[in-house]
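Student: I am new to this structure and should like to be guided through it by questions. May we begin once it is displayed?

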There are 2 protein chains.
Amino acid sequence: VSQLRKCPVSNRWVIIAENRGLRPVEFPAEPKRIDDLPCPLCEGNESHTPGELAAIRKPGTRHDRPGWQVRVVPNKYPALELAGELEPRGDGLYTWLGGVGAHELIVESPRHVVSFSELTADEARHAWEIYRRRMAAARGDDRMAYALVFKNSGASAGATLEHAHSQLIATPVVPGNAREELAGALEYHQQLGACVFCAMIERELADGPLLVEATRRFVAVCPYAARFPCETWILPRRHASHFDTHPEDELGELAGLVQRVVRRVELTLSAPAYNYLVHSAPFDSPPAAHYHWHVEIIPRITKMAGFEWGTGYYINPLPPETAAQRLRQPALAAEP
Amino acid sequence: VSQLRKCPVSNRWVIIAENRGLRPVEFPAEPKRIDDLPCPLCEGNESHTPGELAAIRKPGTRHDRPGWQVRVVPNKYPALELAGELEPRGDGLYTWLGGVGAHELIVESPRHVVSFSELTADEARHAWEIYRRRMAAARGDDRMAYALVFKNSGASAGATLEHAHSQLIATPVVPGNAREELAGALEYHQQLGACVFCAMIERELADGPLLVEATRRFVAVCPYAARFPCETWILPRRHASHFDTHPEDELGELAGLVQRVVRRVELTLSAPAYNYLVHSAPFDSPPAAHYHWHVEIIPRITKMAGFEWGTGYYINPLPPETAAQRLRQPALAAEP
């Protein structure tokens, strides 16, 4: 029998329908790798991308030349661009504004590796350091209200390049999904006087069924109303609303935990495509007691169908308690 | 340069990013047909499904035996079921309730055809007649607040069976997406004293750029803030909030228009997977001046990636004006 669960953060409903997990096509294998060779993101092919916005490089190497470890370039096919009109226009029925914003590509290794779990520990740490720096840079642009760092890994997750990379999008308005999450968290705080994310962390660290792994400063849990099989959130144990002000020297620990959770997902679900997203409070918000920045890792093995489009409800055939139990199984070495 | 457009109904934002349409992988071909033979939905295989809930049959033929034209059975892997507790339970942090509801499969032909465009005119009409009857039946169950009729056609659209079929889900609460659309339409009506859907219809019938096709009683348009390439909505020209009270003798005209629009989409986008959805007002709402029932047809050729998950914004590489122009091209015979 299925169960309807309400996400305590966003108030969205999820149907946990375990019996549907029996359907043989529910967990398809990820199709073959993306054919993007010669790869425009590999070291030596710097001229195949727009010019570098930032990089972590070996001493003495030059802009748009080999020698980098992480490299940030503008997206060649941007969804939003820095030029354009910010003012909405409309005719009463229809409203539009220019697609103003930033859209950057963060290349995470000079080598042609694919999954975040295949990076060296140094590469993974550099990636998270540069996510933070690029988000801080976006905050420095007064026109921007919000930025999202996200990764598409694998064709089913929307990736069009195979080489390990993430993206940053900065937008002049706070997107609807972020507003929904902020409103739900504020409501919880007003009613119960606590951060809903801190409440989740506290419960799971006290031997909860949703814990995947904890390190000194971070915790990985399957959310109670998980939308997707093996969906996992990583949160800092100390309350903080903004990712872009997080101390840089703690990001190596976070990067290692992200790598291990991705590895756990890959071992549990036969290397699916996945997305991860960094959720952080809007730029104009002061440090907030009700919101807690976090990373959402989303394996892409179920499909959105007519039911999900029509209702906004997700159907998840794998209860998150079962997912957490399976994800805990692999004995992975912590900090190398 | 891209444009941000706000849907006048739901208030969601869509990025119309034409330059991204250049990406070669953006419009992939739909993979090979689903291998579900022997097909449990074909005439003669009635014993492979749960027992019949309703059917349109040749005179003198028997329940769960051959001789039907449209056949309704419970979904074998239901997301929601009629038994269960309606009362929400929770512990302060987490809230849940039993997965109460109905989940039906509507088989649209005794023959093994795939797309709605391949049905005979009679089969298409019967399908829409039975959608209406099943929705009216769901309204008769006092526990149900809302029902959605939807179709998944093709694996990329979430179909797990190839044989032409649709589904009905009835739910004890009005789903979030429906509430969002109702709230946006109410807001428009309060501000401007008119139905936002009627305003769209009036504008497009007066030589608007988004019109795809009009019949005597229905109109097909690409919505201004289309989320997907060639997304098309079909609306009754006469204002009405509830599909389940629409006169049955007009549904043949609607079914024919749905068939032609699906055919137009198939000719324009090389036969993609698609969903369609019937949006109707909740059961407990009296006939409403602000809401207008309609059908949404969604070709599934773009992928939801990290950006869409993180923000709730959709990126559509094909402006709906261009889509409408292309969809109008094929000279299809109207009413046979």
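Student: Why is the sulfur of A:Cys7 in no bond with the closest cysteine sulfur, and how far away is that sulfur?

Tutor: The model is a predicted one, and it holds zero disulfides over all chains. A disulfide requires two cysteine sulfur atoms within 2.5 Å. The closest cysteine sulfur to that of A:Cys7 belongs to A:Cys195 and is too far for a bond, because the separation is 12 Å.

Student: How far is the nearest cysteine sulfur from that of A:Cys198?

Tutor: A:Cys198 is likewise in no disulfide, and the cut-off to be met is 2.5 Å. The nearest cysteine sulfur is that of A:Cys195, at a distance of 3.8 Å.

Student: Is A:Cys7 buried or exposed, and what is its relative accessible area?

Tutor: A residue counts as buried when its relative accessible area is under 20%. A:Cys198, at 24%, is therefore partly exposed. A:Cys7 is buried, with a relative accessible area of 3%.

Student: Which residues touch the most other members of the largest nonpolar core?

Tutor: In soluble globular proteins, nonpolar side chains tend to be buried together. The largest nonpolar core here has 200 residues. Beyond its neighbours up to four places away in sequence, A:Trp128 touches residues including A:Phe116, A:Phe243, A:Leu251 and A:Val295. The members that touch the most others are A:Trp128 and B:Trp128.

Student: In which strand is A:Val295 placed, and what is its relative accessibility?

Tutor: Leaving aside neighbours within four places in sequence, A:Val295 is in contact with A:Trp128, A:Thr232, A:Trp233, A:Ile234, A:Tyr276 and A:Leu277. The residue lies in strand β14 (residues 294–299) of chain A. A:Val295 counts as buried because its relative accessibility is 0%.

Student: What relation holds between chain A and chain B, and which residue of chain A comes closest to the rotation axis?

Tutor: A turn of 180 degrees with a shift of 0.0 Å along the axis lays chain A on chain B with an RMSD of 0.0 Å. That is the relation of a two-fold axis. The same surface serves both copies, since 100% of the contact residues of chain A recur in chain B. By C-alpha position, the residue of chain A closest to the rotation axis, at 4.4 Å, is A:Met304.

Student: Which element gives the largest share of the lining of the second largest pocket?

Tutor: This pocket holds about 1,100 Å³ of space. Of the 40 residues that line it, those closest to its centre include A:Gly176, A:Asn177 and B:Asn177. The largest share of the lining, eight residues, comes from α2(A).

Technical notes: Residues are numbered from 1 along each chain as its sequence is written. Chains are lettered from A and ligands numbered from 1 in the order in which they are written. This is a predicted model: local features need pLDDT of at least 70, side-chain atom pairs count only at pLDDT 80 or more; totals for chains, interfaces and linings use all residues. Side-chain values use heavy atoms; hydrogens and water are left out. A nonpolar core is a set of buried Ala, Val, Leu, Ile, Met, Phe, Trp, Tyr and Cys residues joined through side-chain atoms within 4.5 Å. Buried means under 20% relative accessible area, exposed over 50%, partly exposed in between (1.4 Å probe, protein chains only). Contact means heavy atoms within 4.5 Å. Copies are superposed by least squares on the C-alpha atoms of residues with pLDDT of at least 70 in both. On a 1 Å grid over the protein atoms alone, a cavity is a set of points where a 1.4 Å probe fits but cannot get out, and a pocket is an open set with protein on both sides within 12 Å along at least five of seven lines; lining residues have an atom within 4 Å of a point. Grid points are joined across faces, edges and corners, and a volume is the space filled by probe spheres set on the points. Helices (H or I, at least four residues) and strands (E, at least two) are DSSP runs, numbered from the N terminus.
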